[in-house]
Amino acid sequence: EAVNAAVAELESSVVLTEDALQQPTLFSDDERLAKSADDANALLQADFSLNLGDTPVARVDADQIADWMRLRDDASVGIDEQLVAAWVQDTASACNTYQARRTFTRADGKEVTVSGGVYGWIIDKDKLQETIMNGVNSAQTGDVAIPCEQEAGAYDGLHGRDWGKRYVDVDLGEQHARLYDDQGSLVWESDVVTGTPDGEHDTPEGIYVINGKESPSKLIGQMEPETGEPEYKTEVKTWMPFVENYIGFHDADWQAAFGGTLYADGAGSHGCVNLPPSKAAELYGLLSSGDTVVSHW
């Protein structure tokens, strides 16, 4: 204030006396500090692991809590919730696998990279912040599950495999599908015909889940503006959707063969994974709603 006043008067110099200095309001012999020290030490008692599934991904301990602790103007101490919120945001960004790129090695040794879909971990940031604050205030110890808006079957880092051993692998490049069981053993496989690669009917890449099963079923395509009629109406014996209710596995007795490059040579589907009728029946008997589907090149 003294400098600003001197500038306003166009003074070339100013002398700052003791009166111009900000005076302390808290002194070392203030009785409030002893209580604040006790309160601070009490807050440092929490020590718990934050887990996604069975995997610890972060820890709240004395060192971390000390980073969040602040001395207030009234000499009391507490946790700065804005600092906790920023930490929660960083943790969620490092752990949310929804639509993240994942790289894994398939059971036959092929290394696969896949992204997209609807599957993956989504941390509930508001509830996680609440969990942390409650844990610190109650001196929580042990393991604590991270609250999630959506869970996955496993956690192996942001870009690791986040589903269990059981899943259906749809290899769009090989035009081949495989089902692995709970032990990771191959229990079913078949050549397939997937969507026509025209930018409109491609079978989508990504990680999904089986939404249900129906036998028999009628597949009805999107309405065509020109005719006002569905693009197709097809009766199938088995229907196992994994992208909402419009893309899935089903029998296709109209296909003369499966595999190879048929999908790109005129025999491609509208996006579904076409199967030989006998193979579709086998898969129908093995799959359950909620099973993971990984579609990739």
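Here are three short exercises on the pockets and nonpolar cores of this predicted model.

**Exercise 1. Describe the largest pocket: its volume, its central residues and its lining by class.**

Step 1: Start with the space, which comes to about 290 Å³.
Step 2: Look at the lining, made up of 15 residues; closest to the pocket's centre are His201, Gln222, Glu231, Tyr246 and His270.
Step 3: Sort that lining by class, and you get six nonpolar, five polar and four charged residues.

**Exercise 2. Do the same for the second largest pocket, and find a residue that lines both pockets.**

Step 1: The volume here is about 160 Å³.
Step 2: Pick out some lining residues; among them are Leu219, Tyr232, His250, Trp254, His270 and Asn274.
Step 3: Check the classes: five nonpolar, seven polar and no charged residues.
Step 4: Now cross-check the names. His270 lines the largest pocket, and His270 also turns up in the lining of the second largest one.

**Exercise 3. Take apart the largest nonpolar core, then locate a second one.**

Step 1: Count the members: the core has 38 residues, and Leu50, Val60, Ile79 and Ile132 have the most contacts inside it.
Step 2: Map it onto the elements. Those giving two or more residues include helix H2 (31-43), strand S1 (47-52), strand S2 (55-60) and helix H5 (125-137). H4 gives the most, with five residues.
Step 3: Zoom in on Ile79. Beyond its neighbours within four places in sequence, Ile79 is in contact with residues including Leu43, Ile65, Trp68, Val84, Met133 and Val136.
Step 4: Move on to the second, separate core, which has 21 residues, including Tyr208, Val243, Ile247 and Leu283.

Notes:
Residues numbered from 1 in each chain as written. Predicted model: local features only at pLDDT ≥ 70, side-chain atom pairs only at ≥ 80, totals over all residues. Heavy atoms only, no water. 1 Å grid on protein atoms, 1.4 Å probe; cavity = no way out; pocket = protein on both sides within 12 Å on 5 of 7 lines; lining within 4 Å. Points joined across faces, edges and corners; volume = space filled by probe spheres on them. Nonpolar A, V, L, I, M, F, W, Y, C, P; charged D, E, K, R; others polar. Core = buried A, V, L, I, M, F, W, Y, C linked by side-chain atoms within 4.5 Å. Buried < 20%, exposed > 50% of the residue type's maximum accessible area, 1.4 Å probe, protein only. Helix = DSSP H or I, 4+ residues; strand = E, 2+ residues; numbered from the N terminus. Contact = heavy atoms within 4.5 Å.
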